[in-house]
Structures are given as structure tokens and as C-alpha cells.
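Student: I am new to this structure and would like a close look at a single part of it. Could you take one helix as the starting point and then work outwards from there?

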Amino acid sequence: MLFSSISFLYFFIPAMLILYFAVPFKLKNTVLLAFSLFFYAWGGVTYALFMVIAILLGYIFGLLIEKFRGKKNAKLFVSLGVATIISFMLYFKYTDFFIDNFNKVTGLSVPLQKIVLPIGISFYTFQIISYVVDVYRGEKAQKNPINLAAYVAMFPQLIAGPIVRYCDVARELETRTHSITEAGEGTRRFILGLAKKVLIANSMYDLSELMYAADEKTVLLYWLYGISTSLYIYFDFSGYSDMAIGLGKIFGFHFLENFNYPFISRSATEFWRRWHMSLGSWFRDYLYIPLGGNRVPKWRWFINIFAVWLFTGFWHGAAWNFILWGLFFGVLLVIEKFWLLKYLEKSQVFSRIYILLAVIVSFIVFQIPTLGEAFTYIGGLFGAGGISFASAETLYYLRSYAVLLIAALVGSTPLIKKLAIRFSQSEKSAKVSNVLEVIMLVVLLVVVTAFLVDSSSNPFLYFRF
Amino acid sequence: MSTKSKNIVVCVSMAIIVFGFCVLFLLLPKGAFLDSERREPARFPALTLESVMKDGLEYGDSFMKQFDDNYTPDNFPFREAFRKIKSWVGANVFLQKDKDGVYVVDGVAAEMQETIDESSIAHAADRITFVYEQYLKDKGIKPYISIIPDKGYWLSEQNGYLSMDYDVFIEKMLDSVDFAEYINIKDSLEAGDYYKSDTHWNQEYLLDIAKLLVDGMGGDHNSVYVKNELDVPFYGVYAGRAPKPLASETITYYTNENMANVTVFNYEKNRPGAIYDMELAHGKDAYDMFLGGEVSKLTIENPNAKTDKELVIFRDSFGRSIIPLLIDDYAKITVVDTRYQVPQILLMGVDFEKADVLFLYSTIVLNASAEMK
């Protein structure tokens with residue numbers, strides 16, 4: 001089920017709210033789990049069964065690790081647990097990728113398995129791994145399977161993150177409070193995220209598709225494609241994270257932030273401190289540091305960095321363009337660490353141009369599955385092939401999407417947030433601002449509903465994740 | 001308003017909206033027909049074990065997918081008002097020039113046709129050539145061709161919308177069927193000759209076009225008609241898609257004494273038909289009243305025709321509204337639409353010997369001609 005659907009907003013949410021707040025606290029996780037499983041099964045019943053099996057395995061391995069804590073077997077069980085859980089993801093997500101490449105290398109024709117990827121498998125796999133490893137590192141194992149299942153399957157973050165680590169919500173699974181303040185803030189965050197997804201991300205997706213389909217390619221078209229694609233991915237992903245964080249708050253959970261205006265970064269290093277933060281920190285804590293981090297010889301450090309970025313890319317999808325996308329950032333980060341970063345930190349203009357260009361190039365690679373075509377698009381940004389600068393078609397769509405593009409560009413910076421804070425500094429203006437905020441949220445929900453009722457496109461970015 | 005009050009008001013107002021529409025959805029009767037979209041809303045999908053268990057590659061047919069994508073949006077309370085809100089926001093807030101390619105200029109809606117599809121022209125030409133070579137060439141019959149531009153010819157480029165070069169399009173088409181004699185009606189048409197909310201031209205303004213066609217084929221068209229108005233409002237195909245609200249229109253149609261005496265036969269239904277089908281006039285698309293809607297083959301026999309000539313006309317939906325104006329000039333008109341049936345079947349029993357043959361197609365169909373058989 002998608003957050004950006006009538007079914008979710010007007011059927012799932014009311015039913016969930018009524019039942020969740022009607023039952024006593026000890027049953028809240030059960031209700032949360034039941035609705036989360038229903039939410040997930042709505043996208044494919046059999047996949048929900050696979051997820052339940054993965055959760056059960058995580059639960060059993062957690063208990064075994066705790067039972068043998070401090071003994072050799074604990075290490076065995078954590079390794080076995082991680083390997084077992086990852087094998088699920090490997091099977092569903094990467095089987096055909098490996099077969100396809102095996103066929104290309106050997107010239108054989110091993111038939112592809114045509115396995116359809118269960119939605120969100122990359123997110124819940126990482127959450128189960130984080131649970132198993134956290135227990136190994138000293139966190140108490142969850143005795144109540146419902147609580148563990150509620151953590152892994154929790155619908156707000158199940159299909160598009162953020163990747164919530166067990167240690168961050170372990171306490172809230174046992175005891176948490178609900179308040180009208182939290183519910184109000186959560187609702188506000190949810191609606192803003194929903195508007196980001198439905199109004200901005202979907203429009204940017206439409207623009208990028210129009211540019212992709214256009215017959216006459218021009219320099220301006222390639223730029224519009226790169227910019228709209230980058231904005232689409234950002235607003236879609238951060239919108240989903242906002243919705244997850246908002247829903248979490250309504251139900252008493254506090255998920256960590258996942259995006260922090262990444263497009264205002266001045267280096268790739270900073271970009272990844274602001275982009276999909278939960279994934280970055282997951283790889284840091286569960287892969288980079290266990291590999292030795294930077295406390296190893298330089299050649300090992302290189303390997304560690306590239307291993308992290310190889311897997312970061314591969315995590316996003318089983319295709320070479322995702323691997324290249326990850327390695328591209330790996331290369332940038334290494335260059336920055338050894339040479340460029342000190343210059344970027346001193347620069348106000350060049351650093352921003354550099355990172356925005358890098359991000360646009362990276363998202364072209366991310367979005368276009370064939371590398372040859374992706375390189376054509378990247379070359380097109382600089383006029384490769386002697387193409388003209390603009391055509392009537394590109395100028396038309398630039399004009400038609402100008403307001404949305406400006407809104408998206410401004411919305412990807414903290415400008416509006418800063419203005420809102422400045423406006424509401426005095427007590428009087430804060431009161432006015434509160435009234436305006438309520439009106440804005442109501443209007444946004446109505447407009448979003450209108451866009452969903454008369455929906456022509458509602459892309460789901462995460463089907464490959 | 002204090003921050004605490006704000007949070008309370010946010011929760012309460014959102015709850016009212018979410019729970020309110022949930023209850024309304026469950027309680028309100030579902031509409032039988034979506035007027036502005038001219039279609040029935042999706043019905044509640046089949047809830048069976050099989051439809052629920054579909055996933056993977058079959059998920060598109062599952063109960064859940066149908067429920068999400070079709071049933072709930074189609075039956076949402078006040079759907080039409082929400083659609084208007086979306087259109088209004090798109091046009092007035094986002095300042096988008098079109099909505100999915102449809103735009104409105106001075107209350108007239110049109111759709112952008114920005115690309116000449118060369119392969120489509122080639123396919124259409126191939127299909128026309130097939131008819132010519134199989135049925136006409138050996139008999140020495142020279143067919144006529146006439147091309148109807150869509151409204152974009154007059155509206156797109158002039159108002160800053162994307163537009164193909166219609167003159168080039170027509171030239172390419174004519175070059176591909178150079179065995180046919182061209183009757184130029186484009187220069188006698190204008191945007192006002194079309195319905196404001198629909199793709200089609202309006203019979204009310206086609207009298208001069210009918211004369212151009214008949215005279216172009218060697219006839220002498222001088223019929224007199226009585227003007228009639230349909231008693232139901234007409235919402236064209238753009239009414240539900242345009243970025244701005246469109247007013248309803250009135251369908252005007254011409255009749256005369258000869259029309260009352262003609263015999264129309266619908267080969268698809270194997271029964272008599274009508275020039276103006278009043279049952280269809282009151283249906284989901286009033287334009288279907290002209291010659292009974294999309295029918296692959298009709299014959300119209302006129303015992304009181306001015307001549308004993310026959311006409312075989314290959315047409316798309318535009319043809320339906322002008323053919324009634326050609327009746328006086330032909331003893332028999334055979335109307336075929338090769339989008340629905342192969343010509344080998346449609347042309348069985350057709351006598352071309354004393355017939356004019358006209359290919360009358362719109363640029364819309366010629367530029368997306370895959371259905372032409």
C-alpha cells in the first residue's frame with residue numbers, strides 16, 4: 001500500500017487510529033503489527049509471509065546470541081543470522097542480476113528466474129540485521145516476538161525507510177507516550193511529506209518523463225532532465241521519510257531524521273551527511289567500522305571505502321548503473337578526503353556548483369538503466385554531439401513547469417523554514433503563523449486528495465530497492 | 001492561536017477530513033456514470049481468494065491494485081469537485097500551460113499534437129494504397145482524399161503551445177498516396193467549426209465543407225436543410241480533461257425531406273440504422289448520434305437522390321457528422337471504417353464501378369494510425 005493513495009489516507013489511517021487508540025497500551029504493538037502486516041500484504045500476500053519468516057529468524061537468532069553472550073557461539077550465531085537474513089535479500093533481489101552477468105561472461109543461457117522483488121525487502125533486511133548485530137553488541141534481545149515484529153514491520157518506515165535501528169526504538173517498543181502535541185506535530189510532518197510526494201515529486205517525475213520521451217534532444221532538455229530527476233528523487237524520498245517520521249510521532253515513536261537539505265551541501269562528503277542519513281550511518285556502523293574503518297593501513301582503508309560505496313550502490317538496485325552510482329560517490333569522497341575537501345570548504349560558489357553538478361550526473365546514472373544512454377545524457381549536458389541549445393518543445397516545458405521547478409528548488413533549501421522561524425519569533429506573529437499553518441495543512445490535504453482522485457501519475461521509486 | 005491549540009486544531013481538522021470522507025465514501029451511493037469523463041466508474045473489484053493472492057507480475061490484476069487505482073479514485077465523494085480543484089491548482093497556482101497535453105484558449109479546448117509520426121503516416125498510406133491497388137487501380141478509378149486538421153492547426157502555435165507543422169504533415173501524407181486526388185477542405189475550415197469541448201467538428205458549420213467535397217468529386221451540392229437542436233447538453237471529450245472548466249454545448253444537426261426517406265443499414269449489427277440515432281444522442285456521448293456511433297460498415301440508400309451515383313467513403317469519426325450532408329447527392333453511400341474491420345470483409349459486395357471513392361481522415365487518426373487495417 002502506498003502512503004500516497006486514497007486507500008491509505010481514507011481507509012487504512014482511520015481504521016488504524018480508531019483501533020490503536022482504543023486498545024490498552026499492552027495491545028498497541030499487536031494492533032500496530034496487525035495493521036503493518038495488512039499494509040504490507042496489500043502489496044502481495046505471499047511476500048508478507050516471507051517477511052514474517054525473516055522476522056522469526058531474526059527473533060530466534062537474537063535469543064540464541066543472548067543465550068551464548070560472551071561465548072564463541074554468539075559470534076557463530078550472529079554470523080549465521082546475518083548470512084541467513086541476507087540470503088533472503090540476495091535471492092529475491094540479485095539472483096537474476098548474477099545469472100544475467102554469468103550468461104554474458106560465459107556465453108551460456110541460464111534462464112532468468114523472473115523473481116519479483118518484494119517491496120521494502122532491502123529496508124527490513126537491514127533492520128533485522130541491525131537487530132541481530134545490536135543484540136550481539138550488548139542490546140537486550142527482544143523476548144516478545146510481537147514487539148520485534150512490530151519493530152521490523154512497522155508500516156510507517158517499512159517500504160521506504162528511514163532505516164530505523166533497533167537500538168533507537170528498543171525503549172519505545174516497551175514503553176512510549178502519546179500526546180496531542182506529538183500527534184499534531186506528526187500530522188503536520190505527514191501532510192508536508194505527502195504534499196512533497198504528490199505535488200512536487202510526481203510533477204518533477206512527469207517533467208523528467210516528458211524530457212526523456214522528447215524526440216529532439218537539446219542541451220536545455222538534458223539539463224531539465226537532470227534537474228527534474230534529481231528533484232524528483234529527493235522530494236519523493238524525503239517526502240516518504242517525512243511521512244514515516246510524522247506517522248511514527250503519532251504512534252509514539254521518534255525516528256531519526258533521514259534528510260537535511262542535501263542540495264545545499266558543498267561537498268560529496270557533506271552531501272552524504274545530509275542524504276539518506278539512516279543508510280549512511282547503517283553502512284558506517286555495520287560495515288565500514290567492522291571492516292576496520294580508517295584505523296587500518298591506507299590500502300585497506302581504500303578497500304573499506306570502496307566496499308561501502310559498492311554495497312551502497314548495489315543496495316539501491318541490482319543493476320550496474322546503481323553500482324556505478326555508488327562507486328562514483330566513493331571516488332568523489334576519496335578525492336575529497338585526500339585533496340579537494342580543504343579547497344571546497346573555503347569556496348562558497350565553486351563548491352556548490354561542483355556538488356550540484358555531481359549530484360545531477362549521479363542521478364542521471366541512477367535513473368537511466370543503460371549505461372550508454374546515461375553517458376549520452378551526461379554528454380548532452382555539455383552539448384556533446386553538436387546538439388542545439390534549446391527547441392520549442394524544451395522551452396515550452398520549461399515555461400509550463402517553471403513555477404513547480406522554482407518551488408522545488410526553493411523547497412530543497414532551508415529558506416522557507418528559516419523565513420517561517422523568523423516570522424514567528426514574536427508572540428503575536430507566532431499566533432498568526434499557527435493559524436496560517438493550520439489553514440495551509442487543510443488546504444494541502446484537500447489539494448493532495450484532488451491530485452490523488454484525478455491521478456495521472458503516482459510513480460513508486462522504491463520498487464527496485 | 002497558541003502552539004498547543006494549533007496542535008489540537010490540526011488533529012481535529014485532519015480527523016474531520018479523513019474520517020468524514022471515509023464515512024461519506026462508505027455511505028454515499030456510488031454514481032452510475034461519470035458525466036464529464038463520459039465513462040462508468042470502476043465497480044468494486046472481485047473479492048476472491050484468487051484476486052487477493054495475485055502478486056508479483058500478476059499484481060496489476062489483483063483486488064488490491066484494482067481497489068487502489070480504480071475503485072477508490074473513481075468513487076470518491078465529490079470526485080468532480082476534486083477534479084476541478086486539481087485543474088484549478090494546475091492552471092492558476094502551478095501556472096501549467098496544459099493538463100496532460102490538453103489546453104484551453106478562449107473557452108476552446110484542444111490537444112497538442114506536437115510530433116509528426118512518420119511511421120504512422122507510412123502505415124496509413126500503406127492501408128489506403130492497399131485498397132487502391134486491390135479494388136480501384138484495375139478499374140481505373142481515381143480516389144479522392146481529404147484531410148481534416150484537428151483544432152490545434154489554428155490554436156496551438158498561435159497561442160504558444162507545441163504544434164507539429166500541419167502543412168508538412170498533409171504534404172507528406174499526400175505524397176504517400178499520390179494516386180488520389182486531393183480535395184482541400186483545410187483552407188475553408190477554422191477553429192470555430194469544431195465543438196469547443198470536443199475533438200470533432202460541428203455539423204452546424206459544415207455546409208460549405210459538404211459542398212466542397214461533393215463539388216470536388218464532380219457533383220453539384222445545393223441542398224437545403226432545416227436546423228435542429230438536440231435537447232441535451234453536450235460535454236465533449238475534453239470536458240473531463242481540460243485544465244479549465246468548459247461550458248456545455250448544444251449539438252445542432254440538419255435534416256431535410258430526403259433524409260426521412262433514406263434506408264440506413266448497419267452491417268455490424270445486421271439491422272437497420274439511423275442517420276441520427278436519438279437513443280445514442282441521450283447516451284454517454286451525444287456525438288454518437290451521427291450514424292449510430294462507431295460502426296465499421298453502413299450503407300445509406302436514398303431513392304430520391306439527385307443522381308444515381310454512389311459513394312464509398314473511408315472515414316474516421318469525423319466523417320460521421322458530415323456524411324448526412326452528402327446524402328442528397330448520392331443514391332447510395334457505403335461508409336466504412338477500417339479501424340474496426342479489415343477492408344477485405346468490409347468491401348465484400350461493394351460495387352465500385354459507378355462510385356466515387358473518398359478517403360476522409362483527420363490528422364489525429366492519420367498521426368496515430370496503428371488501428372487502420
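Tutor: What follows starts from one helix of chain A and moves outwards to the domains and to the neighbouring chain. Please keep in mind throughout that this is a predicted model.

The helix to look at is H6 of chain A, which covers residues 145–153. Which residues of H6(A) are buried? They are Leu148(A), Ala149(A), Ala150(A), Tyr151(A), Val152(A) and Ala153(A). The cover over these buried residues includes H2, H3, H5 (121–136), H7 and H8 of chain A.

Among these covering helices, H2(A), residues 25–41, deserves a careful look, since its packing against H6(A) can be described in some detail: the two axes lie 9 Å apart, and the angle between the helices is about 45 degrees. H2(A) and H6(A) are therefore oblique to each other, and their crossing is left-handed. On the side of H2(A), the residues that take part are Asn29(A), Thr30(A), Leu32(A), Leu33(A), Ser36(A), Leu37(A) and Tyr40(A), and they meet Ile146(A), Asn147(A), Ala149(A), Ala150(A) and Ala153(A) of H6(A). Sorted by class, this contact holds eight nonpolar and four polar residues, with no charged ones. Taking the two descriptions together, Ala149(A), Ala150(A) and Ala153(A) are buried, and these alanines also belong to the contact with H2(A). As general background to such patterns, an α-helix has 3.6 residues a turn, so residues three or four places apart point the same way.

For a second helix pair in the same chain, turn to H12(A), residues 277–288, and H13(A), residues 298–316, whose axes come within 11 Å and cross at roughly 130 degrees. That angle makes H12(A) oblique to H13(A), and the crossing of this pair is right-handed. Here Leu279(A), Phe283(A), Leu287(A) and Tyr288(A) of H12(A) meet Asn304(A), Ala307(A), Val308(A), Phe311(A) and Thr312(A) of H13(A). The residues of this contact divide into seven nonpolar and two polar, and again none is charged.

We can now step back from helix pairs to domains. Chain A is divided into domain 1, residues 6–176, and domain 2, which is made of residues 182–266 + 347–464. The C-alpha centres of these two domains are 29 Å apart, and 16 residues of domain 1 are in contact with 17 residues of domain 2. On the domain 1 side, H1 (6–22), H7 (155–158) and H8 (166–174) of chain A each supply at least two residues, and H8(A) gives the most, with three. This side of domain 1 has eleven nonpolar, two polar and three charged residues. H7 and H8 of chain A thus appear twice in this account, as part of the cover over the buried residues of H6(A) and as suppliers of residues to the side that touches domain 2.

Beyond the domains lies the contact between chains, in which 47 residues of chain A are in contact with 44 residues of chain B. Helices H1, H3 (45–67), H9 (180–213), H17 (392–400), H18 (402–411) and H20 (427–453) of chain A each supply at least two residues of the side that touches chain B, and the largest share, 15 residues, comes from H20(A). By class, this side of chain A has 27 nonpolar, twelve polar and eight charged residues.

Chain B itself has 13 helices and twelve strands, and its C-alpha atoms fill a box of roughly 85 × 50 × 45 Å along the principal axes. Of its 373 residues, 42% count as buried. The domain assignment of chain B gives domain 1 as residues 3–83 and domain 2 as residues 108–371, with their C-alpha centres 40 Å apart. Five residues of domain 1 of chain B are in contact with six residues of domain 2, and the five on the domain 1 side comprise one nonpolar, one polar and three charged residues.

One residue of chain B can close the tour: Ile170(B), which sits in H7(B), residues 166–176. Is Ile170(B) buried or exposed? Ile170(B) is buried, because 20 other C-beta atoms lie within 10 Å. Leaving aside residues up to four places away in sequence, Ile170(B) touches Ile147(B) and Lys186(B).

Methods
Residues are numbered from 1 along each chain as its sequence is written. Chains are lettered from A and ligands numbered from 1 in the order in which they are written. This is a predicted model: local features need pLDDT of at least 70, side-chain atom pairs count only at pLDDT 80 or more; totals for chains, interfaces and linings use all residues. Domain bounds come from an automatic or database domain assignment. Two residues are in contact if their C-beta atoms, placed from the backbone, lie within 7 Å. Helices (H or I, at least four residues) and strands (E, at least two) are DSSP runs, numbered from the N terminus. Ala, Val, Leu, Ile, Met, Phe, Trp, Tyr, Cys and Pro count as nonpolar, Asp, Glu, Lys and Arg as charged, and the others, Gly among them, as polar. Axes are lines fitted to C-alpha atoms, for helices over the stretch in contact, and angles run from 0 to 180 degrees between N-to-C directions. Angles under 35 degrees count as roughly parallel, over 145 as roughly antiparallel, 65 to 115 as roughly perpendicular and the rest as oblique. A crossing is left-handed if the near helix is turned anticlockwise from the far one by less than a right angle, and right-handed if clockwise. A residue is buried if 20 or more other C-beta atoms lie within 10 Å of its own, exposed if 12 or fewer, and partly exposed in between; C-beta atoms are placed from the backbone.
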